[in-house]
Amino acid sequence: MWNEIINISSKATKQWKSILLIYGVQLVLGIIVAVIAYRQFNGAIGSSLELDRLANGFDRSIFSDMINKFPVIIEHIQSRFALMVVLFLLLSIFLHAGLLSNIRYGYYSIFKYFQNANIFFFKFLKVVLISLFLKIVVLAIIWVPFFMLIGDPLETFHSEKTLIFTVIGLVILSTLFLIVIWLWSVLSRYHIVDENRSLVSMKAGWRLLISNFARYYIVGCGLILLHVIITWLYTSVVDDWGAETWFSVLALVIMQQLFSLIRIWIRAFGYSAVND
């Protein structure tokens with residue numbers, strides 16, 4: 001098993017050019033979003049003293065007051081945020097089309113990356129949109145009855161502990177179903193890369209997933225566990241990290257970017273694991 005993990009890790013790491021490309025594009029997009037949000041808030045709030053209160057810690061009432069006082073700015077940010085979400089989704093599909101095809105064909109070239117991303121983008125778009133629809137349906141089936149039945153939490157649940165454990169259980173259940181949809185999506189896209197039609201590939205994705213369900217599901221659960229461990233390690237370090245000097249601020253920024261880079265590598269690792 002360890003030899004297989006090392007082999008898959010090696011294949012994922014060899015895609016370092018694609019990983020760095022995805023990281024760079026996401027970083028630029030993140031900076032653009034941050035600049036837009038900053039300009040919008042700065043233009044509306046200006047020298048308001050409300051933000052100074054945040055220096056004492058998080059206070060939900062501050063954000064409530066800001067929403068009440070600045071409804072226009074919130075509307076602007078929501079509209080632009082929605083546009084950025086759509087842009088990020090399309091860009092993500094394009095970028096991961098290149099990564100998936102490189103892993104499938106064993107390519108490491110950026111030229112091949114863009115070439116295949118351009119070829120498979122619209123076919124991948126169909127699969128991703130269907131997988132998003134399936135995820136929404138699954139989440140609605142799990143969570144809508146919960147919110148309809150919960151009513152007043154103080155009356156429905158005898159203690160906060162019961163409510164917390166119920167929510168945790170539903171989150172775990174949601175995750176288990178979402179893993180299945182993600183695996184089907186990846187397997188279907190691999191079939192598309194093998195020059196099959198979209199509909200044929202989607203059907204083949206389900207057949208392959210069912211025929212090797214245990215193996216693929218272990219991979220999916222392992223990726224989730226790996227994400228949880230990495231996120232826990234990151235938050236544990238960052239929470240205790242002081243930002244009193246320029247060096248500490250720089251080190252914190254480097255830690256944040258390293259965390260983003262590792263998350264992309266984990267995605268490449270997952271694609272390589274499913275491909276094997």
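These legends go with a set of close-up views of a predicted model.

**View 1. The whole chain is built from helices, 10 of them, with 0 strands.** Starting at the N terminus, the elements run α-α-α-α-α-α-α-α-α-α. The chain has 276 residues, and 32% of them count as buried. Look at contacts between residues at least 6 apart in sequence, and 73% of them turn out to join residues at least 24 apart.

**View 2. Here α5 packs against α7.** Helix α5 covers residues 110-150 and helix α7 covers residues 160-193. Their axes sit 10 Å apart, at an angle of about 165°. Since angles over 145 degrees count as roughly antiparallel, that angle makes α5 roughly antiparallel to α7. The crossing of this pair is right-handed. What kinds of residues make up the contact of α5 with α7? They split into 23 nonpolar, 5 polar and 3 charged.

**View 3. Next comes the meeting of α7 with α9.** Helix α9 spans residues 213-239, and its axis lies 10 Å from that of α7. The packing angle here is about 115°, so α7 and α9 are roughly perpendicular to each other. As for handedness, α7 and α9 make a right-handed crossing. On the α7 side, look for Thr175, Leu176, Phe177, Ile179, Val180, Trp182, Leu183 and Leu187. Facing them from α9 are Phe213, Tyr216, Tyr217, Gly220, Cys221, Leu223 and Ile224. Sorted by type, the residues of this α7 and α9 contact come to 13 nonpolar, 2 polar and no charged.

**View 4. This one shows α5 crossing α8.** The two axes come within 10 Å and cross at roughly 50°, so α5 and α8 are oblique to each other. Helix α5 passes α8 in a right-handed crossing. From α5, the residues to pick out are Lys123, Lys126, Val127, Ile130 and Leu134. They meet Ser198, Met202 and Trp206 in α8. The contact of α5 with α8 breaks down into 5 nonpolar, 1 polar and 2 charged residues.

**View 5. Now for the largest nonpolar core, a set of 47 residues.** Which residues touch the most other members of this core? Phe124, Leu183, Tyr271 and Val274 do. The elements that give two or more residues to the core are α1 (2-13), α2 (16-45), α4 (71-105), α5, α7, α8 (198-211), α9 and α10 (246-275). Among these, α7 gives the most, with 10 residues. There is also a second, separate core of 7 residues, which includes Ile142, Phe146, Ile150 and Ile181.

**View 6. A closer look at Val274 and the residues it touches.** Leave out residues up to four places away in sequence, and Val274 touches Trp182, Leu183, Val186, Leu187, Tyr190, Arg215, Tyr216 and Val219. Two names on that list are worth a second look: Leu183 is one of the residues that touch the most other members of the largest nonpolar core, and Tyr216 is one of the α9 residues that meet α7.

**View 7. His227 and Thr231 both bring us back to α9.** Is His227 buried, partly exposed or exposed? With a relative accessible area of 23%, His227 is partly exposed, since buried means under 20% and exposed means over 50%. Setting aside its neighbours within four places in sequence, His227 is in contact with Arg263 and Ile266. The C-alpha atoms of His227 and Arg263 are separated by 7.3 Å, although the two residues are 36 apart along the chain. Thr231 also counts as partly exposed, at 33% relative accessibility. Between Thr231 and Arg263, which are 32 residues apart along the chain, the C-alpha separation is 9.1 Å.

**View 8. The last view goes to Ile32 in helix α2.** Ile32 is partly exposed, with a relative accessible area of 40%. Its C-alpha atom and that of Met84 are separated by 9.5 Å, with the two residues 52 apart along the chain.

Conventions:
Residues numbered from 1 in each chain as written. Predicted model: local features only at pLDDT ≥ 70, side-chain atom pairs only at ≥ 80, totals over all residues. Heavy atoms only, no water. Axes fitted to C-alpha atoms, helices over the stretch in contact; angles between N-to-C directions. Helix = DSSP H or I, 4+ residues; strand = E, 2+ residues; numbered from the N terminus. Parallel < 35°, antiparallel > 145°, perpendicular 65-115°, else oblique. Left-handed = near helix turned anticlockwise from the far one by under 90°. Nonpolar A, V, L, I, M, F, W, Y, C, P; charged D, E, K, R; others polar. Contact = heavy atoms within 4.5 Å. Core = buried A, V, L, I, M, F, W, Y, C linked by side-chain atoms within 4.5 Å. Buried < 20%, exposed > 50% of the residue type's maximum accessible area, 1.4 Å probe, protein only.
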